[in-house]
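Subject: Structure handover

Hello,

Please find the structure below. My notes on what was found in it follow.

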Amino acid sequence: DSSYLYRGQRLNLDYELGLLYERMDRPEDALHCYEDLMGQDSHYRDVADKVEELKKAISSKEEQAPSDAAANKQRISFL
């Protein structure tokens, strides 16, 4: 139960979980952790920068996805 964790421990745990998700190439999950953390303490470490960077990376990735799909449709595959 997280109610037994001290506030600082909980903040650190959320931050470390976000870092882990980033390293696992799971930016949406990392962003969720960091946004939860910002709700608790918006000045914790560099969490505001992390949120901004991940939002940019995710939106950039989403903008590229349609062009990647279009490029794949134009390829001809021979079996």
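To start with one residue: glutamate 52 counts as partly exposed, because its relative accessibility is 45% and the partly exposed class runs from 20% to 50%. Its side chain meets that of lysine 56 in a salt bridge, at 3.3 Å from N to O. Both residues belong to helix H3 and lie 4 residues apart, about one turn of the helix. Lysine 56 has a relative accessible area of 52%, so it is classed as exposed.

Note that this is a predicted model. The average pLDDT of the protein chain is 86, and 78% of the residues score at least 70. Among the elements, helix H2 (residues 27-40) has the highest mean pLDDT, 96, and helix H3 (residues 47-73) the lowest, 82. Where pLDDT is low, the predicted coordinates should not be read in detail.

Salt bridges

The structure holds 6 salt bridges, one of them being the pair described above. Another joins glutamate 35 and lysine 55, with the closest N and O atoms 3.7 Å apart. This pair links distant parts of the chain, since glutamate 35 is in helix H2 and lysine 55 is in helix H3, 20 residues apart. Glutamate 35 is partly exposed at 35% relative accessibility, and lysine 55 is partly exposed at 44%. Aspartate 29 and arginine 26 also form a salt bridge, at 2.8 Å from N to O. Here too the residues are partly exposed, aspartate 29 at 30% and arginine 26 at 33%.

Core and helix H1

The largest nonpolar core has 14 residues, and Tyr15, Tyr34, Leu37 and Tyr44 have the most contacts inside it. H1, H2 and H3 each supply at least two of its residues; the largest share, 5 residues, comes from H2. Leaving aside neighbours within four places in sequence, leucine 37 is in contact with Leu11, Asp14, Tyr15, Tyr44 and Val47.

The buried residues of H1 are Leu11, Asp14, Tyr15, Gly18, Leu19 and Tyr21. They lie on the same side of H1, because they cover an arc of only 165° around the axis. The 17 residues of H1 (residues 7-23) should span 24 Å at 1.5 Å a residue, and the end C-alpha atoms are 25 Å apart, which agrees. Aspartate 25, which follows H1, has a positive phi, near 60°.

A buried lysine

Lysine 50 is in helix H3 and is buried, because its relative accessible area is 13%. With neighbours within four places in sequence left aside, lysine 50 is in contact with Tyr15, Leu19, Glu22 and Tyr34.

Regards

Terms used
Residues numbered from 1 in each chain as written. Predicted model: local features only at pLDDT ≥ 70, side-chain atom pairs only at ≥ 80, totals over all residues. Heavy atoms only, no water. pLDDT = per-residue confidence, 0-100. Buried < 20%, exposed > 50% of the residue type's maximum accessible area, 1.4 Å probe, protein only. Contact = heavy atoms within 4.5 Å. Expected span 1.5 Å × (residues − 1). Arc of directions from axis to C-beta. Core = buried A, V, L, I, M, F, W, Y, C linked by side-chain atoms within 4.5 Å. Salt bridge = Lys/Arg side-chain N within 4 Å of Asp/Glu carboxyl O.
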